[in-house]
Amino acid sequence: MNIDVQTLIPMFVALPLGMSLLIQLVARRRHVLGELLAIIAMLLLTLMSCYAIGHKGIYHLGGWPTPIGIDMRLDDLAILLLLVINVVGLAVALYSVDYMRRFTASSHFYGLFLLMVTGMNGVVLAGDLFNLYVFLEVAAIASYSLVAFGCAHEELEASFKYIVLGSLSSALILIGVALVYGITGTLNMAHIASRIAQTGMDAPLLLAFGLFIAGFSFKSALVPFHAWLPDAHPSAPAPVSAMLSGVLIKAIGIYVLARLAFNVFGVTESELSLLRWLGLLSMVVGGFLAAGQKDIKRLFAYSSISQVGFMVLGLGLGSPLGIVGALYHLVNHSMFKSLLFLNAGAVEYATGTRDLNKLGGLNQKLPITGATSLIGSMSIAGVPPFSGFWSKLIIVLACIEGGFYGFGVAAVLVSIVTLAYQLKVQRMAFFASLPEALKGLRREPPMMALAMILLAAGCIALSFAVLTGLRDPWLIGAAQQVLTMGVFK
Amino acid sequence: MSLTVRTVARWLKGPILLFGIYMVLYGHITPGGGFGGGVVIALAFILITIVSGESASLHLFSKGVSSRLDSVGLLIFLALGWLGTWWASGYFFNNFIATPETAQFTLLSGGIMPMENIALGLKVASALFLVFTVLTAFQIVEQEAGEPADTEDQHQGDKP
Amino acid sequence: MIYSLCLLLILVGLYGVVVSRHTLKIVVSLLIMNHGVHLLLLLVGYRQGGSPPIVDPGSVISEFASGAVDPLPQAMVLTAIVIGLGVLALMVALCVRLYERYGTFDVTEIRRLRG
């Protein structure tokens with residue numbers, strides 16, 4: 001079956017949007033119908049993402065040609081991120097069938113969830129700056145509502161903090177868009193790239209780039225701008241935390257930073273060194289703050305900040321090996337961080353608490369959660385045959401290849417700290433002896449187990465991906481070539 | 001509300017609604033379109049809410065109806081885009097109704113744009129009215145101290 | 001000169017967000033900041049002595065294009081205003097629910113999450 005790229009590209013945005021509206025229309029009382037529609041939508045999106053591998057194209061909205069109209073572009077970097085978003089989204093949708101049974105308004109949950117997927121797909125496919133901003137806001141507003149979904153005390157407080165900081169960063173991004181439009185006269189990213197290549201970066205464009213870095217660093221939680229993440233990600237319901245930490249901060253944060261820095265604004269040494277230092281700061285601060293946490297989800301949230309620092313460090317190295325490492329780490333981290341958050345959600349569903357001091361010995365009562373959590377923890381800590389080891393190794397090798405020995409040593413040290421706190425979680429939650437209060441637990445429900453097994457299988461599959469040759473032009477290698485070529489085809 | 005306010009509001013709500021519909025329908029020729037026209041249509045109903053109380057406007061447009069109209073409006077918008085894929089030269093949001101040269105600047109021109117404006121106007125009007133009603137209904141619950149709420153859903157996890 | 005007035009509005013909004021203790025005052029300050037940003041975006045498209053960008057039945061396209069104000073920032077600002085409206089509705093609803101749970105509007109007292 002051959003689907004034309006012109007039809008395929010808008011379907012990534014139109015399908016989840018239409019399904020979201022349909023769920024809110026018909027599934028108000030019949031919750032099972034809502035769950036079914038959500039899972040069908042995510043399955044179709046995953047199949048479409050798999051079909052899109054190797055296809056490239058541009059879709060002109062309404063047929064208007066490029067300088068006048070709005071484009072959506074499908075290139076290799078977009079394909080990689082679409083795969084990540086939709087596969088993790090499918091697993092989370094399966095998980096939330098059982099987890100959201102406790103809430104009575106689950107049709108609203110699926111509607112908001114699919115709206116968030118719409119926004120993320122739109123950001124990844126956008127071909128001009130203002131469309132990027134609009135889809136960014138769609139995803140962000142859906143995530144603000146999802147964080148506050150349970151309406152408990154902490155969820156509302158975390159969502160308020162998140163929404164104030166998010167609105168500030170969106171205002172900064174809009175000022176940047178205004179400046180770029182005023183100077184170059186166009187919003188289309190390819191045209192902006194060619195204008196900047198001709199005229200060079202003068203002071204107003206540097207200001208616009210600085211505003212973009214500030215705004216998108218808020219969205220991806222790099223260290224001076226990370227204050228919302230340790231409150232928002234733990235307080236949200238578990239499937240929402242998995243989506244936020246696993247996909248959202250990467251699709252609307254790291255992806256846009258990479259796109260703007262490499263493809264639109266043209267990469268210079270000062271920009272790269274700024275990215276390197278932001279990455280180093282995030283790695284170190286996130287890692288050390290994670291080690292002292294008692295709440296399991298808050299620990300994972302700080303760990304996300306640390307791993308995002310790895311990715312930005314890899315991007316900031318600028319060499320092809322560094323970018324391959326950063327993109328491979330992005331894909332790995334989506335898989336295992338979502339898996340870890342889903343595990344934490346299963347633990348909370350079964351025991352009712354997230355405090356590490358009160359948990360213990362869960363391997364006996366929740367075997368699937370324990371096994372998949374072991375796989376996830378070993379991956380993120382960088383233990384040899386698992387996927388996290390390979391991606392961190394590539395980043396460290398790229399540091400040394402570029403001559404940044406200090407950054408390489410720091411990366412290795414932070415990996416050791418990561419291993420330390422992951423082992424702490426494993427020991428205190430899963431391997432210790434079972435306390436008296438937790439003797440009567442049930443096993444985790446089947447759909448949650450299925451979702452966790454799916455993500456764990458993905459982690460293991462990614463560990464073998466390094467054998468296929470990451471620099472070849474397939475998936476990660478092709479995505480890396482989009483960034484290093486600097487050309488927006 | 002005093003007698004003057006109520007009488008003037010009763011006279012004005014018709015013209016405001018009519019002006020909003022005019023803005024939506026002529027959106028492809030004059031400034032306005034779906035967004036602006038939808039806001040003005042919602043304003044007519046909000047005027048009724050402010051002047052005569054909430055039950056008067058909920059009698060015209062209950063919360064369930066506005067919520068459904070909200071979703072239906074955007075679904076019509078997407079369906080019009082889908083039709084572009086199937087009927088003529090296959091891409092999404094294709095404007096498949098051509099405008100003859102003589103019919104420019106009249107009401108029945110611009111292809112599918114007027115229909116999309118109507119769908120957008122429907123969505124924006126019902127969404128704004130719903131937001132205003134839900135926020136003010138919640139305020140009324142707050143003033144009746146200690147009484148269990150019956151004017152809005154208080155499900156755990158319901159988004160306001 | 002007028003761009004610096006927009007910047008002043010943005011800074012006033014930013015000051016309000018940082019200093020306010022009442023949640024609704026934070027919301028209103030964010031609104032002021034959004035107004036400043038939208039004004040800035042709109043003024044980028046201005047042309048001295050330009051005409052409104054509406055095509056009349058009798059006008060010539062080439063002199064219209066060289067004499068009219070740029071309509072693209074106006075479309076962008078319309079979209080940005082509607083997005084701002086959505087975020088405002090969500091923020092106000094959050095403030096109301098926060099008052100219901102914590103019993104106060106004071107941000108310094110809504111601090112259960114720390115560490």
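**Exercise 1. Determine whether C:L5 is buried, partly exposed or exposed in this predicted model, and place the residue in its surroundings.**

Solution. Begin with the neighbour count: C:L5 has 13 other C-beta atoms within 10 Å. A residue is exposed if 12 or fewer such atoms lie within that distance and buried if there are 20 or more. C:L5 is therefore partly exposed, since its count is 13. Next, place the residue in the secondary structure: C:L5 belongs to helix 1 of chain C, which covers residues 2-19. Finally, look along the chain to C:L39, which is 34 residues apart from C:L5, and note that the C-alpha atoms of these two residues are separated by 9.5 Å.

**Exercise 2. Describe the fold and the dimensions of chain C, and state how confident the predictor is in this chain.**

Solution. Start with the elements: chain C has four helices and zero strands, and from the N terminus on the order reads α-α-α-α. Then turn to the dimensions, where the C-alpha trace spans about 65 × 30 × 20 Å along its principal axes. The radius of gyration of chain C is 20 Å, whereas a compact globule of 115 residues would have a value near 13 Å. As for burial, 27% of the 115 residues of chain C count as buried. Among the contacts in chain C with a separation of 6 or more, 56% are between residues 24 or more positions apart.

The last step is confidence: the mean pLDDT of chain C is 88, and 98% of its residues reach 70 or more. Of the elements of chain C, helix 2 (residues 23-43) has the highest mean pLDDT, 94, and helix 3 (residues 61-67) the lowest, 78. For the model, the scores are ipTM 0.94 and pTM 0.91.

**Exercise 3. Work out which residues of helix 7 of chain A are buried, and why they lie on the same side of the helix.**

Solution. First list the buried residues of helix 7 of chain A (residues 189-199), namely A:M189, A:A190, A:I192 and A:A193. Because these residues cover an arc of only 160° around the axis, they are on the same side of helix 7 of chain A. The face turned away from that buried side carries the exposed residues A:Q198 and A:T199. Then ask what covers the buried residues: the cover includes helix 5 (129-147), helix 6 (153-184) and helix 10 (238-264) of chain A. To finish, follow the chain past the helix, where A:G200 comes next with a positive phi, near 80°.

**Exercise 4. Characterise the largest nonpolar core and the surroundings of A:A139.**

Solution. The largest nonpolar core has 240 residues, and those with the most contacts inside it are A:M120, A:V123 and A:A139. Helix 10 of chain A gives the most to this core, with 19 residues. Now set aside the neighbours of A:A139 within four places in sequence; the residues in contact with A:A139 are then A:M116, A:G119, A:M120, A:V123, A:L248 and A:I252.

**Exercise 5. Analyse the side of chain A that touches chain C.**

Solution. Begin with the totals, which are 27 residues from chain A and 26 residues from chain C. On the side of chain A, helix 5, helix 6 and helix 9 (229-235) each supply at least two residues. Helix 6 of chain A provides the largest share of this side, 17 residues. By residue class, the side of chain A that touches chain C divides into 17 nonpolar, six polar and four charged residues.

Note on methods
Residues are numbered from 1 along each chain as its sequence is written. Chains are lettered from A and ligands numbered from 1 in the order in which they are written. This is a predicted model: local features need pLDDT of at least 70, side-chain atom pairs count only at pLDDT 80 or more; totals for chains, interfaces and linings use all residues. The arc is that of the directions from the helix axis to the C-beta atoms. Two residues are in contact if their C-beta atoms, placed from the backbone, lie within 7 Å. A nonpolar core is a set of buried Ala, Val, Leu, Ile, Met, Phe, Trp, Tyr and Cys residues joined through C-beta atoms within 7 Å. Ala, Val, Leu, Ile, Met, Phe, Trp, Tyr, Cys and Pro count as nonpolar, Asp, Glu, Lys and Arg as charged, and the others, Gly among them, as polar. The radius of gyration is taken over C-alpha atoms; the globule rule is 2.2 Å times the number of residues to the power 0.38. pLDDT is the predictor's confidence in each residue, from 0 to 100.
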